[in-house]
Amino acid sequence: MGITRDTAQVNHWGVAALEFDIRFHAPIGAGDIHTLRSGLLDFGDKTFRFGHSFYNDSSTALAATFDVLGCMFNLKARRAMTIPDETRAQAQDLMIAWPPANEFKKLSGYSNSRSFHQGKNAGMSVLGFMV
């Protein structure tokens, strides 16, 4: 969301995951190569939602989705805090459409590999790996 580790430490900010909605749409097999796409879905005053979509690179099928409700947390006061306007503005670039497409669309410049790699495209982070 545009918050650096230094900013979080100086301001005593943290985040807490409050609720998870995990759905499996297709089998996840050992040895399959998958791509994880992540981004922000929504903002409230103190809460935000982020999502992960997990695609099988071989079949292009959506294998799983993870929808998480979180909140900004003031670690000193030990309570939820209002998301700062500057953080909200920076996070707008990380918003993604939800629910995700049922099939994986390959990103330009992206290739499958057994090695760890990541990149960015249209506000979402992309991580490829082998299960």
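Which residue has its backbone oxygen 3.5 Å from a polar atom of the side chain of His34? The residue is Asp32, and the fifth figure returns to this pair. The views below are taken from a predicted model.

**Figure 1. Overview of the chain.** The title view presents a chain whose secondary structure consists of two helices and seven strands. Followed along the sequence, these elements appear in the pattern α-β-β-β-β-β-α-β-β. The chain has 131 residues, and 34% of them are buried. Among contacts with a separation of 6 or more, 66% are between residues 24 or more positions apart. The chain exposes about 7,900 Å², and 53% of this area is supplied by carbon and sulfur atoms.

**Figure 2. The largest nonpolar core.** Nine residues make up the largest nonpolar core of the chain. They are Ala8, Trp13, Leu40, Phe43, Phe48, Met72, Met81, Ile83 and Ala91. The close-up also follows one of these residues, Ile83, to its surroundings. When neighbours within four places in sequence are set aside, Ile83 is in contact with Phe43, Phe48 and Met72, among others. Further contacts of Ile83 include Gly44, Asp45, Lys46, Thr47 and Arg88.

**Figure 3. A nonpolar patch on the surface.** Phe20, Ile22, Phe24 and Ile28 together form a nonpolar patch on the surface. The accessible area of these four residues together is about 430 Å². Phe20 belongs to strand E1, which covers residues 13-24. Is Phe20 buried or exposed? Phe20 has a relative accessible area of 55% and is therefore exposed, since the term applies to values over 50%.

**Figure 4. Two salt bridges.** The structure contains two salt bridges. Side chains of opposite charge can pair when their charged atoms come close. In one bridge, the side chains of Arg23 and Asp21 meet, with a distance of 3.1 Å from N to O. Arg23 is partly exposed, at a relative accessible area of 48%, and Asp21 is likewise partly exposed, at 29%. In the other bridge, Asp67 pairs with Arg49, and their closest N and O atoms are 2.7 Å apart. This pair links distant parts of the chain, for Asp67 is in strand E4 and Arg49 is in strand E3 (residues 47-56), 18 residues apart. Asp67 counts as buried because its relative accessibility is 16%, a value under the 20% limit. Arg49, with a relative accessible area of 25%, is partly exposed.

**Figure 5. Two buried residues of strand E2.** Strand E2 spans residues 33-43 and includes Ser38; His34 is also placed in strand E2. His34 has a relative accessibility of 0% and so counts as buried. A polar atom of the His34 side chain lies 3.5 Å from the backbone oxygen of Asp32. His34 and Ser59 are separated by 25 residues in sequence, while their C-alpha atoms are 9.7 Å apart in space. Ser38 is buried as well, with a relative accessible area of 13%. With which side chain does the side chain of Ser38 make a polar contact? The partner is the side chain of His52, at 2.5 Å.

**Figure 6. Two residues with a positive phi.** Most residues other than glycine have a negative phi, and most peptide bonds are trans. His12 is not a glycine, yet its phi is positive, at about 60 degrees. This residue is found in the loop between helix H1 (5-11) and E1. His12 counts as partly exposed, because its relative accessibility is 32%. Arg78, also a residue other than glycine, has a positive phi near 60 degrees. Arg78 lies in the loop between strand E4 (62-74) and strand E5 (79-80). With a relative accessible area of 65%, Arg78 is exposed.

**Figure 7. A cis peptide bond.** Which two residues does a cis peptide bond join? The bond connects Trp98 and Pro99, and its omega is about 5 degrees. Pro99 is located in the loop between helix H2 (85-91) and strand E6 (117-121).

Definitions and conventions: Residues numbered from 1 in each chain as written. Predicted model: local features only at pLDDT ≥ 70, side-chain atom pairs only at ≥ 80, totals over all residues. Heavy atoms only, no water. Helix = DSSP H or I, 4+ residues; strand = E, 2+ residues; numbered from the N terminus. Buried < 20%, exposed > 50% of the residue type's maximum accessible area, 1.4 Å probe, protein only. Contact = heavy atoms within 4.5 Å. Areas by Shrake-Rupley, 256 points an atom, 1.4 Å probe, with all protein chains shown as cover. Patch = residues over 30% accessible without salt bridge, like charges linked within 9 Å, V, L, I, M, F, W, Y side chains within 5 Å. Polar contact = N/O pair within 3.5 Å; in protein donor to acceptor, adjacent residues only side chain to side chain. Core = buried A, V, L, I, M, F, W, Y, C linked by side-chain atoms within 4.5 Å.
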